[in-house]
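Student: Could you take me through one part of this protein at close range? I would like one connected account rather than a quick tour.

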Amino acid sequence: MIEERVSQTKLRVAVIGAGIAGTCLFIGLSQNPLLDVQLYEAYPNVGVRGVGLALHGNAMKAMEMVSPEIKKTYFRKSHFMANEEDMEMATQIIIGSGQHAGTLVAELGRAKGRRTVHRAHFIQGLLDDSIPKNRVHFCKRMISIEETEATRATPSKITATFADGTMGEFDILFGSEGVKSPTRKFILGHHPAADAVNYDGWRCFHRLVSMEEAKNALPAESIEKVRMFCTPLGYVNGLPVDLGQTYSISCYQRDSKRFNRDTSRFDASEWRSFCPEVTSLISLLEKEPKEDWNIQDHDGAPAYYRGCVGMIGDAAHATAPHAGNGAAQAIEDVAILTQVFAHVTSRGHVDAALKAFDHVRRPRSQKVVEITRHFGRLYSQDEEERNIEIMRRQMKEGGMYTNEVDMDAQVQAAVLVFQKAI
């Protein structure tokens, strides 16, 4: 089979966006020698943008299905939270205000040897370890896509136009360029789900501080564990990154519930009435809340592909960070595409592969978006609304759905759809 693939003209594949989704997809698809994969990134470098993350158990399972090299890089770049490799840890969801302050309501993403990492450090590690430099193209912001119709004589071709005026022609294109993806607009056109939304008015304020500064302000438990504190205004958390040298603090604020909506700036005084752990985190953040993002997600798309153009990760199913599963869902996408495209031996198989991916990943990823929205509303309930037992039950159910996925079954289902379609 491999000899047959190599003897054919290679299929030129563009992956747009060098985030976690895009870099992992490059690594996965490149294992098929029929595919000539190129990676395009809008920024001039990866840069330390975004927040720290602690990948959940489902992400670890999916990683292994893409390539063992991804997991090696993750381990090399991440900070080891547990004292022992076999110790299980999870993100703790804790009430941060009112009569139930300090109450643990859920543990999400339980996995052995839990680690934390800054997304940029993980991506740079993948670029350094597994992706040839001549296949990564920076300063390439894609602005439009055109796909010609296939004829009996010639297959369809995809033309991507970049902001610098250059163009590229491809057989297959995957958009992994984030929530405001041009690829999504191409696939969905004027469908109502084409645009990102923020129904509950979520914003994120973020700051990186030295670990020494964090240790001077926070209890040891907040350094040693990933803890999230819920209040009627939203929630705040912190976690070590940069191999434990830096501490990432994030405040996820629900603007629709703010006391003072006259200004959009971060107002630490609105958070001072909550429990000591919250006020300690806020005291670090307020000194220099550099990063401020409008948190957007997507309503369910009717399809994740059109022709030979597909979308993955935040381009396909952007999700808020409330369940900590956005990166994990992107890696699940990549695992399915890697396994299905391993069976692609000709251009005529591409439509069947994309159909199989869409069939398996769209229902699950869109349900995770809905679960995540619900989690955010649970976190930001007013104190009189809270029912601790209901929170525990609903978060346990949602956490089991996101984390305890049978990746083997997902792959088998996708391969079956592919085989039936060819």
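Student: Which strands form the open sheet, in what order, and is the pairing parallel, antiparallel or mixed?

Tutor: Happy to! Please keep in mind that this is a predicted model. The open sheet is built from six strands, and reading across it gives β8-β2-β1-β12-β19-β18, with mixed pairing. The two edge positions belong to β8 (136–137) and β18 (305–306); each has a single partner strand, so one side of each has no neighbour in the sheet. As general background, strands in a sheet pair through backbone hydrogen bonds, in either a parallel or an antiparallel sense.

Let's stay at the β8 edge. The partner here is β2, residues 35–40, and the two strands run parallel, joined over two bridges. You can locate one contact point by residue: tyrosine 40 has histidine 137 of β8 as its bridge partner.

From β2 we can also step to a helix. Helix α2, residues 20–29, lies across β2 as well as β1 (11–16) and β12 (172–175). Relative to β2, helix α2 runs at about 165 degrees.

Since you like backbone detail, here is one more place to visit: the loop between β15 (234–241) and β16 (246–254), where aspartate 242 is found. Aspartate 242 is not a glycine, yet its phi is positive, about 55 degrees. Leucine 243 lies in the loop between β15 and β16 too, and this non-glycine residue also has a positive phi, near 55 degrees. As for accessibility, aspartate 242 is partly exposed at a relative accessible area of 32%, and leucine 243 counts as partly exposed at 48%.

Methods
Residues are numbered from 1 along each chain as its sequence is written. This is a predicted model: local features need pLDDT of at least 70, side-chain atom pairs count only at pLDDT 80 or more; totals for chains, interfaces and linings use all residues. Side-chain values use heavy atoms; hydrogens and water are left out. Two strands pair if DSSP finds at least two bridges between them. Helices (H or I, at least four residues) and strands (E, at least two) are DSSP runs, numbered from the N terminus. Contact means heavy atoms within 4.5 Å. Axes are lines fitted to C-alpha atoms, for helices over the stretch in contact, and angles run from 0 to 180 degrees between N-to-C directions. Buried means under 20% relative accessible area, exposed over 50%, partly exposed in between (1.4 Å probe, protein chains only).
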